[in-house]
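Visitor: I would like to learn how to read a few features of a protein model, beginning with burial and ending with cysteines. Could you take me through them step by step?

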Amino acid sequence: MNFKDIFKSSFIENVTSVSIIDMVLALALSFCIGLFIYLIYMKTYQGVMYSSGFGVSLIAMTMITTIVILAVTSNVVLSLGMVGALSIVRFRTAIKEPLDIAFLFWAIGVGIVLAAGMIPLAVIGSVIIGLVLMMFVNRKTHTCPYIVVVHCENHNSELMVKQFLDTKVNRCVLKSKTARKDAIELNMEIRLKDN
């Protein structure tokens, strides 16, 4: 197969299978709705360690999903290959906040729906989901959380620290624990009783 054969094949015909207007419209809408998801994420985040990178990745994920689904809907053979290629991808980053999973699925879902051409469903659905999240997530009225990092010598000192914190704060949750031969490091999320 030489260069002329490539131009004679149907490879070039697939370039125009999705129109430029459809691509630009889908990407512009996915950017706008991804930005909306990011703003809702910023307003409703209640954890301790806010990551702006995760928020920006929500915008990117919406746009990337739109591109992938546009490609898949234009070619059946490509869709089968895409399923095979994506089945080997594994993500190793742990999701620390349960609500982050909802934002990930929201971004992916909007990308799929936009690329499928269901624009009203994507826009109206995103507005409703955003309103529901704003209403229920911000309903909790409690103090800001803090992270306490404690270095202990042994298990007894760890128990003493936990007992002390339980008497001084409203809430104390162990987030992570690193145990070494001569020391223990605890990362705990606390909510103070007063300022």
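The dialogue below takes up one helix and then two cysteines.

Guide: Please keep in mind throughout that this is a predicted model.

Visitor: Is serine 126 buried or exposed?

Guide: Burial is judged from relative accessible area, with under 20% taken as buried. Serine 126, which lies in helix α6, has a relative accessibility of 2% and therefore counts as buried.

Visitor: Which residues does serine 126 touch, leaving aside those up to four places away in sequence?

Guide: Serine 126 touches Ile33, Phe36, Trp106, Val110 and Leu121. In addition, a polar atom of the serine 126 side chain lies 2.8 Å from the backbone oxygen of alanine 122.

Visitor: Which residues make the nonpolar surface patch?

Guide: A patch of this kind is built from residues with over 30% relative accessible area. Here Val123, Ile124, Val127, Ile128, Leu131, Val132, Met135 and Phe136 together make a nonpolar surface patch of about 720 Å². Phenylalanine 136, one of these residues, is found in helix α6, which covers residues 119-137, and because its relative accessibility is 49%, phenylalanine 136 counts as partly exposed.

Visitor: How many disulfides does the count come to?

Guide: A disulfide is assigned when two cysteine sulfur atoms lie within 2.5 Å of each other, and by this rule the count is zero. As for the surroundings of individual cysteines, cysteine 152 counts as buried because its relative accessibility is 5%, whereas cysteine 172, at 23% relative accessibility, counts as partly exposed.

Notes:
Residues are numbered from 1 along each chain as its sequence is written. This is a predicted model: local features need pLDDT of at least 70, side-chain atom pairs count only at pLDDT 80 or more; totals for chains, interfaces and linings use all residues. Side-chain values use heavy atoms; hydrogens and water are left out. Patches are made of residues with over 30% relative accessible area and no salt bridge: like charges are joined within 9 Å, nonpolar side chains (Val, Leu, Ile, Met, Phe, Trp, Tyr) within 5 Å. Accessible areas come from the Shrake-Rupley method with a 1.4 Å probe; for residues, only the protein chains shown count as cover. A salt bridge is a side-chain nitrogen of Lys or Arg within 4 Å of a carboxyl oxygen of Asp or Glu. Helices (H or I, at least four residues) and strands (E, at least two) are DSSP runs, numbered from the N terminus. Buried means under 20% relative accessible area, exposed over 50%, partly exposed in between (1.4 Å probe, protein chains only). A polar contact is a pair of N or O atoms within 3.5 Å; within protein, one must be able to donate a hydrogen and the other to accept it, and residues adjacent in sequence count only if both atoms are side-chain atoms. Contact means heavy atoms within 4.5 Å.
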